[in-house]
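Got your viewer open? Here's a short walk through one model, one selection at a time.

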Amino acid sequence: MSENFILQRLREKFSPDEEAGTEDLTALNYKVGNTSGMDVTPEIPSELAERVGQMAQRAGGEMEIQIGNPSTFYIDREDLYHTVEGLGIDFSIHSDPNVGYASPYQVGEGGGFDGTFNYFTQYLQAFASFKLEAESRSDLKIGKEDGIKIGRINPHVSVSPLPQTEQERAQGVALDPLGYSLSKLQENEMENRRDAGKNIWDNENFLRKFYRLFIVDELEDNEYQLFDRFYIPYSNKIDKVWREKQNETLNRIYENRSGEFSGDKLGDKIKIIRVAGQADPAIANTWLDILEEAEDFGDSVEFEIPTRRDRPNKEIEVNSLVKLDELIKNLNPNYGISELRRLPEVYYYLKKEKLEGISRGTTENEFDEDKKERLWELLQEPLENAIDDLWNLKPDDVQEEVKEGDPRVSLVPINAKIQAVSNHLEIPNRKILEKTFSNHARYKDNSKTGIRQHIENMYAGEKGYFENGDDRTPSKRHENFLRAVADQFEQQMWQESNVFYRVGPAWVSSSEETVEGEEGIYHQGWRAPKFLWKYLVERKHDKAHGGDYDLDLTDPRKDNGYFEALNDREFQMDVAAAVAGTYMWSMFTQVEADFDMEGTSHFKGKSKKESWIDWMNRFGIGINMETMAGQPRQYFKLWRPVHVVAACRAINITARSRLEEGDDLGGKNHMASELDDCPVKFTIDMEHVSSFGVDPIKEMEIWKDREKELLENPVEVDGEAIEVPGDSNRPLAKMLRMYHLTKPGHETSGGVGHTHGPFRKGDKELYTWLHKMVKWGFTRTGESGERASVMYEVGGEQVGTVYQAKLAMDLIELGVSPDELDPSVVDPGSEYKSEKEALIARFFDMDRTTYSKEWAKIEQHAFDPLDGLLEAETFDVTFSGSAALENNNRINEFLPEEYQ
């Protein structure tokens, strides 16, 4: 339980103060201590054991020992054992402060993913060896039930900046949230991931969001450029869909743009179809069929055509396109509407000269003007309809059976149509493709038939999109396609902005999906990352929970949707924190490390590959994550208390889930007692939080409110509530393990980083912060809960922070609110009326001993201000002169009398 610095002795002297406070803040479970510091000033020794011994003179009940190098646990082991044993104080450990756990890169700032993983694996192994030997040796009290307690390891959670929403280049090789290369999708790599049940590329929901969040955002309307060289080679269905959309666009252009400038719609259509016919001569035969099947005009015009050699004139009743063709050919065998290549010329003569230009120019072929006008009126609509029929004709309109998988969607080939429209209407091919894509990219009337929906289905691996009729299975074709995607967009995928705001959210929000394949589970499905997404992002920002945005990640570009929300700095930080927390969760729970302690003294059993969380439970090693100091110009990926604790809870959720599902954790079927159901907890350093330019106590209040809400209303994932341990009446009690009680002082750091400001006498601000956190649950874990720590980080200051912190905790336990902490209630020099007055007097350095010392100083120096201001005449006769001797006055008699 609590230390009760001097409170117990005061209570023995005074009767309990019934009016000391209305809120019960008793039964606290804590110790006050200090860190070992670093050898940053000449006053602090460099040798670790000596430094620990010197810092223990501050009279703390616990020490946080700074050990950055894992080998220290081996090299300085005996010195540490004997020093701690001799001091008799509990201790915890602080690892390298410049290592972070939220990087997606293999190497880089803070060590990167691999660097951090390798470092902390060695650290956990070395610390486990140190702890195991201490607990096993009979000559040591360290680690024993009634001896010196070994606390948690305290790392900094993140040391790398929050990424911008748009970055130009990648900082290194990026990993996916499960620790695999984000872009290395070779066949053996995919098999390895599937064997481990960790292949994110088998998660259909992830792939759909990956396409919408990353690919679409990366390419925007330029995505049309990928079809011919990228999408179509992998999918016949996409080929056909793309042709259908092009055909729709070309048909619309053909219909709307013909006649736009010339004013002659039919003439333009005839010219367009002629160019198409040149590109594909085979359609000429279909044109003959269309003429044969065309309906009659509904009226007719009779023409009498002279014949040669005195034969009777030929009479032709023109009531159809076939008869029109017959009439023209009788006038001139070189012409006719049945020949597409000559159709523009025939049309010209029909329109401009009403048959005269077609004939051989003989006067015998001159027809009645009314008949020619009437013919012109009758032929225009049927001829246009016939040309439209040819342009719009589909293969299944003229064939009894169309081969399955046939990509043809128009009898006039799409390439021929593009050439025809481009040549006659002067529309570049690129513009036609652009128009096709922009017209059909989005959904229509929520029917989801847009081209992008088809592409999304392709990314998701829907079987029908990869059935190409060859020996390769659809799944293999899909895998090859994804490999091509990864190769094509490797550098873009590695950009941290894409990792944290596009690719990462696509998986984190879909992580709970379990995917079974032919050879087992390819994607296990995890609730913890989805917990982070729902808790940090959806609950705060989604309209469904009272937020401001529609966070449908399959349509992120909608108004007030995901991409618009990314302009909101608060939203951006929450998204990045959910992804960064997932990378930290992955390090602790998903990636297996090569621990090897075989041959180490006191170790029994065999070493094996296992995750950090397994190793921690095996040896009872707990972790406290702490925010690293930063700057107001640049946030870190994880720095806000609510974000850090959420990431810690994600790790704990997975650890408890494994035990609940019957799995073991480091060879145990239960959680180690040292871990208190939470292998990873939180250390608050108010100075570090304030370094980002925020009010730290407000950030703690935000966490307190969110934690209370979480405990009262658990997050649901896949229809199941995720219960987390804690008490909504004491929301900070479970997860806040340590408070680095220092006074922020950023403007006085002298350019050397940040100061560890002391808790000075009478500092009501630090008292208020400490009181609020105790009120919110800190240290209120009860006798059976894990003990909390109030810790002063030693820096250059050498004042009595530990003493002041002990006084503060006694005052809080006594029930003294910050408003009641008033020096005016103390009567200096008088007897204390209550333990409350006695403690307040000490807090403000107004206790009786101090008062007496100060009063003595005042009396001694009372007339110092008058020195030099008073004048007196010089004595003619002095006690040391001859007159003094004559009067028998002796110096040794006068001196004692002077000071009486």
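We'll look at a few strands and then a helix, bearing in mind that this is a predicted model.

Start by selecting residues 62-66, which make up strand 2. Since 5 of the 5 residues here are buried, the strand is largely enclosed by the rest of the structure. In a regular strand, side chains alternate between the two faces of the sheet. Show the side chains and you'll find Glu62, Glu64 and Gln66 on one side, with Met63 and Ile65 on the other. Both faces are covered.

Now add the neighbours. Strand 1, residues 30-35, pairs with strand 2 in the parallel sense over 3 bridges; to see them face each other, pick Asn34, which stands opposite Met63. Then bring in strand 3, residues 90-94, which is also parallel to strand 2 and pairs with it over 5 bridges. Here the pair to click is Glu64 and Ser92, standing opposite one another.

Next stop: helix 14, residues 369-392. Begin just at its start, where a side-chain oxygen of Asp368 comes to within 2.9 Å of the backbone nitrogen of Asp370. Draw a distance from the first C-alpha of the helix to the last: its 24 residues reach 35 Å, close to the 34 Å expected.

Where does helix 14 bend? Centre on Leu379: the bend there is about 30°, and Pro382 follows within four residues. Both Leu379 and Pro382 are buried. To finish, colour the other buried residues of this helix, among them Trp376, Trp391, Lys372 and Asp388.

How values were computed: Residues numbered from 1 in each chain as written. Predicted model: local features only at pLDDT ≥ 70, side-chain atom pairs only at ≥ 80, totals over all residues. Heavy atoms only, no water. Helix = DSSP H or I, 4+ residues; strand = E, 2+ residues; numbered from the N terminus. Expected span 1.5 Å × (residues − 1). Bend = angle between axes of the 7 residues up to and from the residue. Buried < 20%, exposed > 50% of the residue type's maximum accessible area, 1.4 Å probe, protein only. Polar contact = N/O pair within 3.5 Å; in protein donor to acceptor, adjacent residues only side chain to side chain. Pairing = 2+ DSSP bridges.
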